[in-house]
Every structure is written in structure tokens, then in C-alpha cells.
Amino acid sequence: MKSTIVIYEHENLLGKACAKHIAYHLGAQTTCTRHVPEAILSLVDNFVLCISTWRPEGQRGQWSSLLKCLALHPLKGKTFAFYFCHDPEAGAFIFDGLDRLYDVLSEQGARVIGNPNWYQHDQTISEWICGISPNL
């Protein structure tokens, strides 16, 4: 059985809630961007990244340490899915490092599934889970 982990931004309550919901339905574990040991990249098969499209200035660089780890590991055979959670009341910013994240995953041989952009407001989280789960 393939293992799955759902990663969310440290101290982002909306991202954490989305990650817990996704993990529950996928039978996965969760962790935040600050607690991703390099061993996880070798041991886990599937990664779901819960990325907030809105965040205060202080939280914009939270994926940078994970991005550095990803750039150093071969990811062939690993699958990545992105869930872009947003708070419509707070406004939205497109995830700053998304292009770089896709580039690193491609360079390292990872497979990316799911909607490649953050415009998921037309789907419920449950619909999104149903759409990606057969591919994990």
C-alpha cells in the first residue's frame, strides 16, 4: 500500500483544517512545513501540499525549506497533488513560489496530479479528494 502525507503551512489554521480533512479521507498523516524531515521524502510515496493562496507578509516563505529539500532528492516514482485553500473573505494572492515548485518537482522526476492552478473554488474539498484519490 502506498503511503501518503498531507503537508500544510506552519501556523496557517485554514491550511491545517484542509489538511486534516484531506488526510482523514485519504487515510493519511499530516505535518507542517516546519516538520518535514528529509527521510519522509524517501519513505513516502504520495504528497498532498495544502497551499494557502492568502497569507500575511510574515508567512510567505514557509515553503522555502521544503523546496530546498525537494531540490536535493530524486523524486521519480513520487506523486504530488496540490490543494489550494483560500479564504474568500480575506482576499487572495497567488502562491508566490508555485512556478519554482513545479520546476523543482519536474526536474526531480515527480508526477504532479490534480488541478495545476489554484482556481478550485468551483469544487468542494470532497470533490477534489474524489478526483485525485484514484491517482495516488
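This passage describes strand 1, its partners and the cysteines in a predicted model.

Strand 1 covers residues 4-8. Of its 5 residues, 5 are buried, so the strand is largely enclosed by the rest of the structure. In a regular strand, side chains alternate between the two faces of the sheet. Both faces of strand 1 are covered. Thr4, Val6 and Tyr8 lie on one side, and each of these residues is buried. Ile5 and Ile7 lie on the other side and are likewise buried.

Strand 1 pairs with two further strands. Its pairing with strand 3 (residues 46-52) is parallel and runs over 5 bridges. Within strand 3, Phe47 stands opposite Ile5. The pairing with strand 2 (residues 29-32) is also parallel, over 4 bridges. Here Ile7 has Thr31 of strand 2 as its bridge partner. Ile5 and Ile7 belong to the side of strand 1 that carries neither Thr4, Val6 nor Tyr8.

The connection between strands 1 and 2 involves a helix. Helix 1 spans residues 13-26. Together, strand 1, helix 1 and strand 2 form a β-α-β unit, and this unit is right-handed.

The cysteines were examined next. The structure contains 0 disulfides. A disulfide is a covalent bond joining the sulfur atoms of two cysteines. Cys18 has a relative accessible area of 10%, so this residue counts as buried, the limit being under 20%. Cys130 has a relative accessibility of 57% and is therefore exposed, the limit being over 50%.

Technical notes:
Residues numbered from 1 in each chain as written. Predicted model: local features only at pLDDT ≥ 70, side-chain atom pairs only at ≥ 80, totals over all residues. Heavy atoms only, no water. Disulfide = S-S within 2.5 Å. Buried < 20%, exposed > 50% of the residue type's maximum accessible area, 1.4 Å probe, protein only. Helix = DSSP H or I, 4+ residues; strand = E, 2+ residues; numbered from the N terminus. Pairing = 2+ DSSP bridges. Right-handed = clockwise from strand over helix to strand, strands pointing away.
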